[in-house]
Amino acid sequence: MIHSARRTATGSALAALLLVSGCGADIDRDPEGAADRRTTVKRCGESVPYTVPRRAVAYEGGSADKLFSLGLADHVLGYVMPPANPPVEESPWAADYASVEKLSDDLLNKEIVVDARADLVVAGWNSGFSDQRGITPQILDKLGVQSFLHTESCYNYPGHPERQTPFEALYTDLHRLGRIFRVEQRAASVVDALRARVRAVEDKAPGGRRTPVFLYDSGTDQPFTAGAQVPPTDIIKSAGGRNVFAGLDQRWTQVTWEAVAASRPEVVMILDYGDLPAQQKIDFLKRSPHTRDLPAVKNDRFFVLDYNEGISGPRNIDGLEKFGTYLRGLPR
């Protein structure tokens, strides 16, 4: 059974959206001049002083969603969204995306940031910030531009690593952004709502043996999949399954088809994004000699995870709720 349900918010998701969207963050209640004072917040393992940003730039949906979920659209100048990302009109925060600028449909680079006169850039390490492309927090520091790194990407950040499980990293980011923008109470409410939704799924998860799940991102010669350090691993675990590559201490990584076959997955989670639709991936798995005899493929057990439900951001919990419903519906 091919399960998607990507565009339909559950009742709990809709309730949470009432908490985390709509009204702008009330930063101006701070005493006069408070927004100009510096607050020290962790950037991965490094303590960094921040002033309240007024022209933030977000790279990809996860970064923008974190800011919008905290009601910070008035402090966001715009976003950079590579074309593989799903349309922003499908986001729960579509109105917020429409209220800011789309700065580029390319990868993040220093020129975009400088031209925009940004005062904060939110992105991940090696998924936005990059030594190879010449845009790192250290480079931006020298330009007087603040930066914020997704904690999920910090486990191998040079000089200042930090390690947290993916969901805890999401909560940490929201708390830290809350401190940077002086909306700590709003951040706490958003995190509490997300935690409650995760607990609700975990409480209903099937007992006994955990269903082995293989996440298929892309690749034909060798598959690209999810290691321990990315949200799908926590999505699978909280729903009652087991990522067959959770033992790899990496984020998105390449494995072999032999390793996939040996893991005998009973469900394949397909990461869906613009330039390689989910159905094409499913069709490949059904005809490939490496995968056509896997239990998941023979039984037509495919679950489609939207790209923005798979990268670090509040929509991780939407993905969890949908996958939890799917996994509970499988015959035991």
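Helices, of at least four residues, and strands, of at least two, are DSSP runs numbered from the N terminus. On that basis, this report on a predicted model begins with helix α2, which supplies three residues to the lining of the largest pocket, the largest share of that lining.

**The largest pocket**

The largest pocket holds about 650 Å³ of space. Its lining is made up of 30 residues, and those nearest the centre are E60, N126, S127, W252 and Y307. Two elements, α2 and β7 (120-125), each give two or more residues to this lining. By residue class, the lining divides as follows.

| Class of lining residue | Number of residues |
|---|---|
| Nonpolar | 13 residues |
| Polar | 12 residues |
| Charged | five residues |

**Helix α2 and S63**

Helix α2 spans residues 60-69, and S63 lies within this span. The helix is mostly covered, with 10 of its 10 residues buried. Among the buried residues of α2 are E60, D65 and K66, as well as L67 and F68. One of these names recurs in the pocket, since E60 also belongs to the lining residues that lie nearest the pocket centre. After α2 comes G71, which has a positive phi near 75°.

Is S63 buried or exposed? The relative accessible area of S63 is 1%, and S63 is therefore buried, the cut-off being under 20%. A polar contact is also present: the side chain of S63 reaches the backbone oxygen of V122 at 3.2 Å. Which residues does S63 contact, leaving aside its neighbours within four places in sequence? They are A58, V122, A123 and H150. V122 thus appears both as a contact of S63 and as the residue whose backbone oxygen the S63 side chain reaches.

**The β2–β3 hairpin**

A further region of interest is a strand pair. Strand β2 (residues 39-43) and strand β3 run antiparallel and are joined by five bridges. Within this pairing, K42 has S47 of β3 as its bridge partner. Two residues lie between the strands of the hairpin, in which C44 takes a positive phi near 55°.

In a regular strand, side chains alternate between the two faces of the sheet. Strand β3, residues 46-50, has E46, V48 and Y50 on a covered face, while S47 and P49 form an uncovered one. S47, the bridge partner of K42, accordingly belongs to the uncovered face of β3.

How values were computed:
Residues numbered from 1 in each chain as written. Predicted model: local features only at pLDDT ≥ 70, side-chain atom pairs only at ≥ 80, totals over all residues. Heavy atoms only, no water. Buried < 20%, exposed > 50% of the residue type's maximum accessible area, 1.4 Å probe, protein only. Polar contact = N/O pair within 3.5 Å; in protein donor to acceptor, adjacent residues only side chain to side chain. Contact = heavy atoms within 4.5 Å. 1 Å grid on protein atoms, 1.4 Å probe; cavity = no way out; pocket = protein on both sides within 12 Å on 5 of 7 lines; lining within 4 Å. Points joined across faces, edges and corners; volume = space filled by probe spheres on them. Nonpolar A, V, L, I, M, F, W, Y, C, P; charged D, E, K, R; others polar. Pairing = 2+ DSSP bridges.
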